[in-house]
Amino acid sequence: MVPSGRKHSGKSAKPSVGDQAIRAYEFEQEDKKDLSGSEEDAIEEKTSTLEKHGKKRSSAVVEDMGGEVQNMLERFGADINKSLLAKRKRLEMYTKASLKTSNQKLENVWKIQQEQRQKLNQEYSQQFLTLFQQWDMDMQKAEEQEEKLAVSIMLSFVAL
């Protein structure tokens, strides 16, 4: 958008690169009109030589730019590789730390469960021992009562 307060004429103050190239070409054409054939050939030869050197220079510039771009890409690739290596190391560190804490938690849970099983086993053994002792006392009482009953039956038969 055009800022308010200023008028935009539609043309820029500086001539464009294309306009400059056309003017340079027109200038060469005007110079050629005044020259004879041999002079014109000499100028064309100079122009072609300049164009060749210009192309060599431009290809050298492109090669230099290509080298710079290649260098930038290599540095960029090296930076990416360093970044990936650092991330890989952090991932390994975090994974190891996570595994370590997970193993510690599992060992802790295993110890707690083993202690609970041992406690439950002791409680069961105590209950069984108490029940067995009660049963043993009941059996002794039953045997004593059986003996008493047998003696009383014998005495009642003898008394008859």
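User: Why is Trp-135 called partly exposed?

Analyst: In this predicted model, Trp-135 has a relative accessible area of 48%. Buried would need a value under 20%, and exposed one over 50%. The value for Trp-135 falls in between, so the residue is partly exposed. Trp-135 lies in helix α2.

User: What makes Trp-135 part of a nonpolar patch on the surface?

Analyst: Good one! Membership takes over 30% relative accessible area, no salt bridge, and nonpolar side chains joined within 5 Å. With its 48%, Trp-135 passes the area cut-off. The patch consists of Tyr-124, Phe-128, Phe-132, Trp-135 and Met-139, and together these residues have about 580 Å² of accessible area.

User: How do you know that Phe-128 and Phe-132 are partly exposed?

Analyst: The same kind of check works here. Phe-128 has a relative accessible area of 48%, and Phe-132 has 42%. Partly exposed covers values between the 20% and 50% limits, so both residues get that label.

User: The structure holds 2 aromatic pairs; why is the pair of Phe-128 and Phe-132 called stacked?

Analyst: Happy to go through it. Their ring centres are 6.3 Å apart, and a pair requires centres within 6.5 Å. Their planes stand at 15 degrees, while stacked means under 30 degrees. Both conditions are met, so the pair is stacked. Phe-128 and Phe-132 are both in helix α2, 4 residues apart, which is about one turn of the helix. Together with Trp-135, they form one aromatic cluster.

User: Why does Glu-146 count as exposed?

Analyst: Exposed asks for over 50% relative accessible area. Glu-146 reaches 57%, so it counts as exposed. Glu-146 lies in helix α2, which spans residues 37-159.

User: And what gathers with Glu-146 in a patch of negative charge?

Analyst: Asp-136, Glu-143, Glu-144 and Glu-147 gather there with Glu-146 on the surface. Like charges have to be joined within 9 Å for such a patch.

User: What share of the chain do buried residues make up?

Analyst: They make up 0% of the 160 residues. The chain, which has 2 helices and 0 strands, exposes about 15,600 Å², and carbon and sulfur atoms supply 58% of that area.

Definitions and conventions: Residues numbered from 1 in each chain as written. Predicted model: local features only at pLDDT ≥ 70, side-chain atom pairs only at ≥ 80, totals over all residues. Heavy atoms only, no water. Areas by Shrake-Rupley, 256 points an atom, 1.4 Å probe, with all protein chains shown as cover. Salt bridge = Lys/Arg side-chain N within 4 Å of Asp/Glu carboxyl O. Lys, Arg positive; Asp, Glu negative; His and termini not counted. Charge placed at Lys NZ, Arg CZ, Asp CG, Glu CD. Buried < 20%, exposed > 50% of the residue type's maximum accessible area, 1.4 Å probe, protein only. Phe/Tyr/Trp six-rings, centres within 6.5 Å; stacked < 30°, edge-to-face > 60°.
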